[in-house]
Amino acid sequence: MDTEVIVVGGGQSGLVAGYYLKQAGIPFVILDEEPRLGEAWRQRWDSLELFTIAEYCALPGLRFPGRKNRFPGKEEMADYVEAYGREFDLPVRLGTRVTSLEPIEGGYRLETTKGTFEAPQVIVATGAYRLPKLPDLASRLDPDVFQVHTGRYRNPSQVPGGTVVVVGAANSGAQIAPELAAGRRVLLSQGSPLPHFGRRFLGKGLHWWGDKFGLIAKPLMGERDRLHKKTILVGPSLKKLARRHGFELVGRTVDADGRTLRFEDGRSAEVDAVVWATGFRYDYSWMRVPVLDDAGAPAQERGVTSAPGLYILGMQCQHSYGSALIWWVKDDAAYLVERIRQFRPQAVAGRRG
Ligand SMILES: Cc1cc2nc3c(=O)[nH]c(=O)nc-3n(C[C@H](O)[C@H](O)[C@H](O)COP(=O)(O)OP(=O)(O)OC[C@H]3O[C@@H](n4cnc5c(N)ncnc54)[C@H](O)[C@@H]3O)c2cc1C
């Protein structure tokens, strides 16, 4: 065994797990495929403004710099994540992509781009938003229609002029449509309307209220609750944004053919470009452990899987609405590290023996 715990992923979730592991005196290593900490944030679009105020962009033990009640940009968040790893001198091996995880006697073997690692316990913290979700109808558009998913969208200079449809009106689409609307005809296509809240209420950030009333940390009850609590739209209403920035709101995108997109409200548009703001999904396909359900997600209870010593951290709504949010991931991380503490190598050998 190389160490006691391997954490896969050095984003905020993996680093917070590292923070608690270090406090508990448990030897561990964090593996991350990127060459630098904070890359998940750096790779998001240039103008991204977080929906949580700075106070709630902090991880345990290190204050987020600057005024507490402002909404930071993504570069600041990326720099903060990088500074966090440095501040607590967390043992991170960068440029190390884990390509498979399988059970072995007394623990797990991880194949990586930098060799094989083995440990009795593993925390998988590879992020809830890994792979772009693209609807099938994207493939029915002419090849000369420019298409980009928000995972690769950076700024308006990438997108040709003319008519642009932003498909998906959650937080990403609602930030990107306004900046594209300067100099282009933009349509924002909305599927199911989301519950909508302003960024501030009585001068405080929305998440401040969610924290003070315990709503974000509250455990979700069962699968139905988990599915219903997934996304909220934070910021001005779509109607207000459309009026302010001069774009059009249309219904769900239901068909594509050549250069034409058709919407559920009966409207259609000839398009030059499409920005797919259709979300992301997790990717646990590299885990060769029988814990994945039919949708490829690990079955887990507060991050604990049925495989001894294997844990998941940072999944959307894995325990509470806050499970995949910056400030609240600490609750799940602290819980898992306590489980890990109780499940040291001797215990693993005993249970498997
Ligand atoms: C557009 C967007 C805006 C968001 N805004 C906010 C916000 O304002 N406030 C908030 O609280 N939350 C926000 N979130 C949610 C959440 O905070 C972020 O998604 C955050 O990046 C999640 O952190 P994480 O550590 O769980 O995953 P990630 O940040 O995705 O980190 C996962 C890490 O794992 C590494 N990795 C993945 N696979 C492997 C592998 N096989 N081998 C090795 N390394 C691997 C990656 O390189 C990455 O560094 C936002 C999410 C998105 C998508």
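**Aromatic pairs, two sheets and a ligand site**

The count of aromatic pairs comes to 12 here. Keep in mind that this is a predicted model, so every number I give is computed from predicted coordinates.

Let me start with one of those pairs. Y19 and Y84 form a tilted aromatic pair, with 6.1 Å from centre to centre and 45 degrees between the planes. Which parts of the chain does this pair link? Y19 belongs to helix α1, residues 12-24, and Y84 to helix α3, residues 74-87. The two tyrosines are 65 residues apart, and the pair links distant parts of the chain. Are Y19 and Y84 buried or exposed? Both Y19 and Y84 are buried.

Y84 has another ring partner, Y80. The Y80 and Y84 pair is also tilted, at 6.2 Å centre to centre and 40 degrees between the planes. Here the sequence spacing is short: Y80 and Y84 are separated by about one helical turn, because they are four residues apart in helix α3. On burial, the cut-off is under 20% relative accessible area. Y80 has 4%, so Y80 is buried. Y84 has 0% relative accessibility and therefore counts as buried as well.

These three tyrosines are part of one aromatic cluster, whose members are Y19, Y20, F64, Y80, Y84 and F88. If you have the structure open, display those six side chains together.

Next, charges over rings. R199 lies over the face of F71, 3.8 Å from the ring centre. There is also K204, whose charged end sits over the ring of W208 at 4.9 Å from its centre.

Now the ligand. How many residues surround the ligand? The number is 29, and the closest are Q12, S13, D32, F51 and T52. Two of those closest residues have polar side-chain atoms worth pointing out. For S13, a polar side-chain atom lies 2.6 Å from an oxygen atom of the ligand. For T52, a polar side-chain atom lies 2.8 Å from a nitrogen atom of the ligand. V98 comes in through its backbone: a polar backbone atom of V98 is 2.9 Å from a nitrogen atom of the ligand.

On to the sheets, beginning with β4, β5 and β6. These three strands form an open sheet in that order, with antiparallel pairing. The edge strands are β4, residues 98-104, and β6, residues 115-119, and each of them pairs on one side only. Neighbouring strands in this sheet are turned by 20 degrees against each other on average, ignoring direction. Between β4 and β5, where β5 covers residues 107-112, there are six bridges. As a landmark, P103 stands opposite Y108 in β5. V98, the backbone contact to the ligand, is in the range given for β4.

The other sheet has five strands. What is the strand order? The order is β9-β20-β10-β11-β16, the sheet is open, and the pairing is parallel. At the edges are β9, residues 146-149, and β16, residues 248-250, each pairing on one side only. From one strand to the next, the twist averages 20 degrees. Inside this sheet, β10, residues 163-167, and β11, residues 185-189, pair in the parallel sense over five bridges. For a reference point, the bridge partner of T163 is R185 in β11.

To recap the ring part: Y84 pairs with Y19 and with Y80, and these tyrosines sit in the cluster with Y20, F64 and F88. That is what I have.

How values were computed. Residues are numbered from 1 along each chain as its sequence is written. This is a predicted model: local features need pLDDT of at least 70, side-chain atom pairs count only at pLDDT 80 or more; totals for chains, interfaces and linings use all residues. Side-chain values use heavy atoms; hydrogens and water are left out. Two strands pair if DSSP finds at least two bridges between them. Axes are lines fitted to C-alpha atoms, for helices over the stretch in contact, and angles run from 0 to 180 degrees between N-to-C directions. Rings of Phe, Tyr and Trp (its six-membered ring) pair if their centres lie within 6.5 Å; planes under 30 degrees apart count as stacked, over 60 as edge-to-face and the rest as tilted. Buried means under 20% relative accessible area, exposed over 50%, partly exposed in between (1.4 Å probe, protein chains only). A charge sits over a ring if NZ of Lys or CZ of Arg is within 6 Å of the ring centre and within 35 degrees of the ring normal. A residue is near a molecule or strand if one of its heavy atoms lies within 4 Å of it. A polar contact is a pair of N or O atoms within 3.5 Å; within protein, one must be able to donate a hydrogen and the other to accept it, and residues adjacent in sequence count only if both atoms are side-chain atoms.
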